[in-house]
Amino acid sequence: MIIEPKIRGFICTTSHPQGCKENVMQQISYMKTRPKCQGPKKVLVIGASTGYGLASRIASTYGCDAATIGVIFDKPANGNRTATAGWYNTAAFEKFAANDGYYAKTINGDAFSQKIKEETIALIKKDLGQIDLVIYSLAAPKRTTADGTTYQSVLKCTNQDFVNTTIDLKTKEIIEVTVPKATEQEIHDTVKVMGGEDWHDWMTALEQAGVLANHTITVAYSYIGPKLTYPMYHQGTIGAAKAHLLKTAQDMTNKMQGIKAYVSVNKALVTQASSAIPVVPLYIAALYRIMKQKKVHENAIEQIDRMYREKLFTDTPILDQTGQIRMDDWEMRDDVQQEINAFWTKLYAHKITDFSYIDDYWVEFKQLFGFDVPNVDYTKEVHSDIAIPSL
């Protein structure tokens with residue numbers, strides 16, 4: 001079949017297997033140009049099929065010569081419906097890894113569930129014995145806990161309604177957007193989904209099963225962003241969840257013997273999750289343009305490689321005053337943020353005339369799903385039903 005992108009709002013309902021494969025190959029090719037890193041050898045990545053999770057799996061394999069187990073929640077192709085991008089990414093990664101002589105297996109299912117935790121532990125015991133790095137990179141809209149309760153996260157403010165000027169990325173029309181204030185229940189539920197509770201559950205289950213090596217490191221990914229987005233992100237419901245994530249890291253380090261838990265605050269990235277947050281896609285579109293002009297832009301694999309090499313797997317991890325790894329250091333540089341603020345001032349005054357950065361954003365967005373990727377012929381028919389070797 002010939003596969004084309006079908007986009008509704010900020011959701012793409014199709015993905016391209018060849019484009020996804022090319023994306024994975026580009027990340028692997030980058031890692032093959034880098035010196036080896038003295039890092040982990042047996043790695044579990046929870047949320048391993050896209051974004052920073054996928055990059056962490058690739059960096060672990062090709063940067064540290066590590067065996068990896070990935071936990072994903074993706075759908076295979078079904079009739080005329082393509083598989084998810086994460087499915088195609090994982091299928092491609094496993095095949096590349098096997099061809100290069102690396103162990104790589106995947107478990108597909110709800111990472112929040114006890115069932116998937118037990119399956120993962122059984123696979124670790126069978127194949128690896130113990131692991132020395134756990135990456136926690138989940139971005140899910142809802143979570144069902146062990147007692148059967150389902151919690152739904154929301155993207156809202158916690159202090160008051162937030163009003164800001166933005167651009168409709170479809171029409172390029174300057175509009176005003178209002179993000180409402182969340183209720184206490186919505187804040188609580190968002191923390192249950194996106195906070196550190198499930199991360200703690202994973203680490204507890206792994207520890208009790210005896211599959212964590214001495215001096216295991218675990219890292220969860222977070223984001224803070226600029227003051228521009230504080231009301232709806234850092235000080236919003238997501239921010240409350242990320243504060244809980246940091247507290248969880250501190251608690252695990254203090255209470256779990258031999259475990260060091262860190263939160264890495266990463267750079268803003270074009271993802272399906274970030275695309276749904278009001279104002280943030282426009283901020284990212286402008287940020288990418290500015291950081292590329294200043295030659296400080298990093299994609300996911302470049303950022304995780306730098307984190308491993310310069311911040312995490314060093315004699316002493318490089319942390320800020322709150323104890324977090326700051327991979328957003330280049331994004332938050334004064335010169336970068338000053339240009340963002342100047343851009344927003346023009347936006348308020350309706351003096352923006354160059355909208356080409358928005359076109360660039362849509363290219364980045366489509367590439368998440370394997371479209372608009374260089375070196376791929378989209379006029380050719382492809383098989384949508386691609387298998388993940390270990391599943």
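Contact here means heavy atoms within 4.5 Å. By that rule W344 touches N164, T165, L228, V279, L282 and Y283, leaving aside residues up to four places away in sequence. The model is predicted. This briefing covers its cores, one covered helix, its salt bridges and one pocket.

**Nonpolar cores**

- The largest nonpolar core has 89 residues.
- Helix 9 supplies the largest share of this core, with ten residues.
- W344 is among the residues with the most contacts inside the largest core. The others named with W344 are I58, Y62, Y283, Y308 and L312.
- Y283 also appears among the residues that W344 touches.
- Another core lies apart from the largest one and has 32 residues. Its members include I69, L246, I259 and V263.

**Helix 10**

- Helix 10 spans residues 300-312 and is mostly covered. Ten of its 13 residues are buried.
- The buried residues include A300, I301, I304, M307, Y308 and L312.
- Q303, D305, R306 and K311 are buried in helix 10 as well.
- Two of the buried residues, Y308 and L312, are also among those with the most contacts inside the largest core.
- Which elements do the buried residues of helix 10 pack against? They pack against helix 1 and helix 2. They also pack against strand 6 (131-136), strand 11 (212-222), strand 12 (259-265) and strand 13 (325-326).

**Salt bridges**

- The structure holds 25 salt bridges.
- K36 and D65 form one of them, at 2.9 Å from N to O. This pair links distant parts of the chain, 29 residues apart. K36 sits in the loop between helix 1 (17-32) and strand 3 (42-46). D65 sits in the loop between helix 2 (51-64) and strand 4 (67-72).
- Both ends of that bridge are partly exposed: K36 has a relative accessible area of 44%, and D65 has 37%.
- K247 pairs with D251, and their closest N and O atoms are 2.9 Å apart. The two residues are four places apart in helix 7 (residues 237-255), so about one helical turn separates them.
- K247 is partly exposed at 46% relative accessibility. D251 is partly exposed at 25%.
- D354 and R289 meet in a salt bridge of 3.6 Å, N to O. D354 lies in the loop between helix 11 (334-348) and helix 12 (356-367), while R289 lies in helix 9 (residues 280-293), so the bridge ties together parts 65 residues apart in sequence.
- D354 is partly exposed, with a relative accessible area of 43%. R289 is partly exposed at 22%, because buried requires a value under 20%.
- Salt bridges with shared partners join R143, K192, E197 and D201 into one network.

**The second largest pocket**

- The second largest pocket holds about 290 Å³ of space.
- Its lining has 13 residues. F343, K346, I352, D354 and Y357 lie nearest the centre.
- Helix 9 and helix 11 are the elements that give two or more residues to the lining.
- What classes of residue make up the lining of the second largest pocket? Six are nonpolar, two are polar and five are charged.
- D354 belongs to two parts of this picture: D354 is in the pocket lining, and D354 forms the salt bridge with R289.

Definitions and conventions:
Residues numbered from 1 in each chain as written. Predicted model: local features only at pLDDT ≥ 70, side-chain atom pairs only at ≥ 80, totals over all residues. Heavy atoms only, no water. Salt bridge = Lys/Arg side-chain N within 4 Å of Asp/Glu carboxyl O. Buried < 20%, exposed > 50% of the residue type's maximum accessible area, 1.4 Å probe, protein only. Core = buried A, V, L, I, M, F, W, Y, C linked by side-chain atoms within 4.5 Å. 1 Å grid on protein atoms, 1.4 Å probe; cavity = no way out; pocket = protein on both sides within 12 Å on 5 of 7 lines; lining within 4 Å. Points joined across faces, edges and corners; volume = space filled by probe spheres on them. Nonpolar A, V, L, I, M, F, W, Y, C, P; charged D, E, K, R; others polar.
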